[in-house]
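This report looks at how strands, helices and charged side chains are arranged in one protein model. The sequence and the structure come first, and the description follows.

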Amino acid sequence: MRRATMTTVTAVSFVSLLQIVTVAQGLKSEAVEHTVTVDGMNRKYLVFVPRGFGKPLPVVLALHGGGSNARQIERYTRFNDLAAKEGFLVVYPEAKEGNWNDGRGIEEVRAQQENIDDVKFVRLMVDRMSKEHKIDRSRVFCTGISNGAFMSHRLATEASDLITAIAPVVGGMAPAMAKKFHPLYPVSILVIQGDADPLVPIRGGMVGFPRGRKRGQVVPTEETIALYVRRNGNQGEPTITTVDRDAGDGTSVEIRKYPDGPGDVKTQVYIVRNGGHTWAGRPLYLPEMLIGKASQEFSATEVIWDFFKSCPPRQARSGSNKAN
């Protein structure tokens, strides 16, 4: 009976469980829903545009985890409040049937089985936004959690002409992406990963709950970091600091910053010691025994934006880096 109960729990999709913490959590300002047609399919995305900024705005794409949706990741990460203060546009794309085609090749996932072109979706979405809003196309950033983090690596691999920097949270790179990781242009990266993540193991291997259905494989985090360090030209030893401000959360953070590469391209890493499959600074969405600890040492939302705004604009590509 106990095993059957555990299997049922672990079969529940990742961020549909975020309803536990997002239900009744209102936002001061919600993003507006839009659609775009991609390969004959209507694709939904939410856009939050801050008021009072006349200049072209940077864009942050926030990708939800497997089984979730755009509205849930909007409410969970709370990027809108920060965007209203700092002046950037936030976009929450929505995957087809809740899962991104991130390169893992999971048979049970429609987007991966049918090879739905989510990279094309992101490109068309940004093109549409550039016609409707004043955006700075030299500063298009992407973050995501879990499946959304895997997808951010795919965008860095296949759309480096579009994406300036990524910040994957508790989600690594699929082996298929690692094999083809030769982005035309460097992409700055901030990795946030718990070293006790029970779903996405930091040392690589099978993805998923220990007693649940497996969800493909992930490359070891250190191998993924090494790919970006080489591509970004971050030569030399990193500076390493440890942060432990909250004695009660059971975690600490190792912050690793590599020397900037040519053009100030960055590679940075936050390893959450004893941290689980969680978004730092936000509450647990499942019991700790299932997903591990939620670090309160920092706010992932704030750290990610601080990183993005420190990144250099994408260099002129295809003859132009003008804002639209």
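In what order do the ten strands of the open sheet stand, and is the pairing given as parallel, antiparallel or mixed? In this predicted model, the order across the open sheet is E1-E2-E4-E3-E5-E6-E7-E12-E11-E10, and the pairing is mixed. The edges are taken by strand E1 (32-38) and strand E10 (239-243), each of which has a single partner strand, so that one side of each is left without a neighbour in the sheet. From one strand to the next, the twist averages 20 degrees.

Helix H6 (residues 118-132) packs on this sheet, where it touches E1, strand E2 (41-48), strand E3 (57-63), strand E4 (89-93) and strand E5 (135-145). The direction of H6 makes about 125 degrees with that of E1.

At the E10 edge, strand E10 runs antiparallel to strand E11 (residues 252-257), to which it is joined by five bridges. Within this pairing, threonine 242 stands opposite glutamate 254 in E11. Glutamate 254 also takes part in a salt bridge with arginine 256, with the closest N and O atoms 3.4 Å apart. Both partners are buried, since the relative accessible area is 16% for glutamate 254 and 8% for arginine 256, and the cut-off for buried is under 20%. This pair belongs to a network of salt bridges that links Asp195, Glu222, Glu254, Arg256 and Arg273.

A search of the whole structure finds 22 salt bridges, and the table lists three of them.

| Salt bridge | N to O distance |
|---|---|
| Lysine 309 with glutamate 86 | 2.9 Å |
| Arginine 256 with glutamate 254 | 3.4 Å |
| Lysine 309 with aspartate 306 | 3.7 Å |

Lysine 309 appears in the table with glutamate 86 and with aspartate 306. Why does the salt bridge between lysine 309 and glutamate 86 tie together parts that are 223 residues apart in sequence? The reason is that lysine 309 lies in helix H11 (residues 300-310), whereas glutamate 86 lies in helix H4 (residues 79-86). The salt bridge with aspartate 306, by contrast, stays inside helix H11, where lysine 309 and aspartate 306 are three residues apart, about one turn of the helix.

As for accessibility, lysine 309 is partly exposed at a relative accessible area of 38%, glutamate 86 is partly exposed at 29%, and aspartate 306 is likewise partly exposed, with 43% relative accessibility.

Key. Residues numbered from 1 in each chain as written. Predicted model: local features only at pLDDT ≥ 70, side-chain atom pairs only at ≥ 80, totals over all residues. Heavy atoms only, no water. Salt bridge = Lys/Arg side-chain N within 4 Å of Asp/Glu carboxyl O. Helix = DSSP H or I, 4+ residues; strand = E, 2+ residues; numbered from the N terminus. Buried < 20%, exposed > 50% of the residue type's maximum accessible area, 1.4 Å probe, protein only. Pairing = 2+ DSSP bridges. Axes fitted to C-alpha atoms, helices over the stretch in contact; angles between N-to-C directions. Contact = heavy atoms within 4.5 Å.
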